[in-house]
Amino acid sequence: MCFLPLAALAPRAALLLLGRGPAAAMSTNAPLKSVDYEVFGRVQGVCFRMYTEGEAKKIGVVGWVKNTSKGTVTGQVQGPEEKVNSMKSWLSKVGSPSSRIDRTNFSNEKTISKLEYSNFSVRY
């Protein structure tokens with residue numbers, strides 16, 4: 001099981017409760033992007049989803065992440081183009097401390113008029 005220290009979560013939770021989290025921060029006129037992703041390598045059993053959720057919240061993007069039955073991790077990221085690009089880089093090069101990313105495929109990248117999610121979540 002993966003755990004983050006409560007202190008690491010508390011400031012972000014307070015921002016979300018105050019309406020200053022990712023969705024509130026993205027109500028600007030910057031173009032919004034959406035992209036689907038699939039990460040290949042050693043990405044299951046290494047807290048990859050939890051670290052992905054944490055990084056997405058830190059960067060300020062919304063979407064989701066989940067494990068697949070074929071041993072990969074898949075999901076979707078939405079937000080301002082610059083923030084989505086930061087998340088794409090993290091998904092391609094960093095990941096969780098114990099993971100090994102062999103490759104990351106991105107698909108369905110498009111400009112959107114509004115966010116489809118209000119936060120970033122782990123799906124099961």
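This briefing walks through the fold, one helix, one buried lysine and three further residues.

The model is predicted. The protein holds four helices and five strands. Starting at the N terminus, these elements follow the order α-α-β-α-β-β-α-β-β. Of the 124 residues in the protein, 40% are buried.

**Overall fold**

- Take the contacts in the protein with a separation of 6 or more: 78% of them join residues 24 or more positions apart.
- The order of elements opens with two helices before the strand β1, as the pattern α-α-β-α-β-β-α-β-β shows.

**Helix α4**

- Helix α4 covers residues 81–93, which makes 13 residues.
- From first C-alpha to last, α4 reaches 18 Å, close to the 18 Å expected at 1.5 Å a residue.
- Which residues of α4 are buried? They are Val84, Met87, Lys88, Trp90 and Leu91.
- These buried residues lie on the same side of α4, because they cover an arc of only 160° around the axis.
- An α-helix has 3.6 residues a turn, so residues three or four places apart point the same way.
- What covers the buried residues of α4? The cover includes strand β1, helix α3 (48–59), strand β3 (73–80) and strand β4 (100–112).
- The face of α4 turned away from the buried side carries Glu82 and Lys93, and both are exposed.
- Just after α4 comes Gly95, with a positive phi of about 70°.

**Lys33, a buried charge**

- Lys33 sits in strand β1, which spans residues 32–42.
- Lys33 is buried, yet it has no salt bridge.
- How far away is the nearest side chain of opposite charge? That side chain belongs to Glu81, and it is 4.3 Å away.
- Why is this pair not a salt bridge? A salt bridge needs the side-chain nitrogen within 4 Å of a carboxyl oxygen, so 4.3 Å does not qualify.
- Lys33 does have a polar partner: its side chain makes a polar contact with the side chain of Thr111, at 3.1 Å.
- Beyond its neighbours within four places in sequence, Lys33 is in contact with Val77, Gln78, Gly79, Glu81, Val84, Lys110, Thr111 and Ile112.
- One of these contacts, Val84, is also among the buried residues of α4.

**Positive phi outside glycine**

- Cys47 is not a glycine, but its phi is positive, about 60°.
- Where is Cys47 found? It is in the loop between β1 and α3.
- Cys47 has 21% relative accessibility, so it counts as partly exposed.
- Asn108 is another residue other than glycine with a positive phi, near 55°.
- Asn108 has its place in strand β4.
- Is Asn108 buried or exposed? Asn108 is exposed, with a relative accessible area of 53%.

**Arg103 in strand β4**

- Arg103 also belongs to strand β4.
- Arg103 is partly exposed, with a relative accessible area of 44%.
- Leaving aside neighbours within four places in sequence, Arg103 is in contact with Glu38, Val39 and Phe40.
- Arg103 and Lys93 are 10 residues apart along the chain, and their C-alpha atoms are separated by 8.7 Å.
- Lys93 is one of the exposed residues on the face of α4 turned away from its buried side.

Key: Residues are numbered from 1 along each chain as its sequence is written. This is a predicted model: local features need pLDDT of at least 70, side-chain atom pairs count only at pLDDT 80 or more; totals for chains, interfaces and linings use all residues. Side-chain values use heavy atoms; hydrogens and water are left out. Buried means under 20% relative accessible area, exposed over 50%, partly exposed in between (1.4 Å probe, protein chains only). Lys and Arg count as positive and Asp and Glu as negative; His and the chain ends are not counted. A polar contact is a pair of N or O atoms within 3.5 Å; within protein, one must be able to donate a hydrogen and the other to accept it, and residues adjacent in sequence count only if both atoms are side-chain atoms. Contact means heavy atoms within 4.5 Å. The expected span of a helix is 1.5 Å times one less than its number of residues. The arc is that of the directions from the helix axis to the C-beta atoms.
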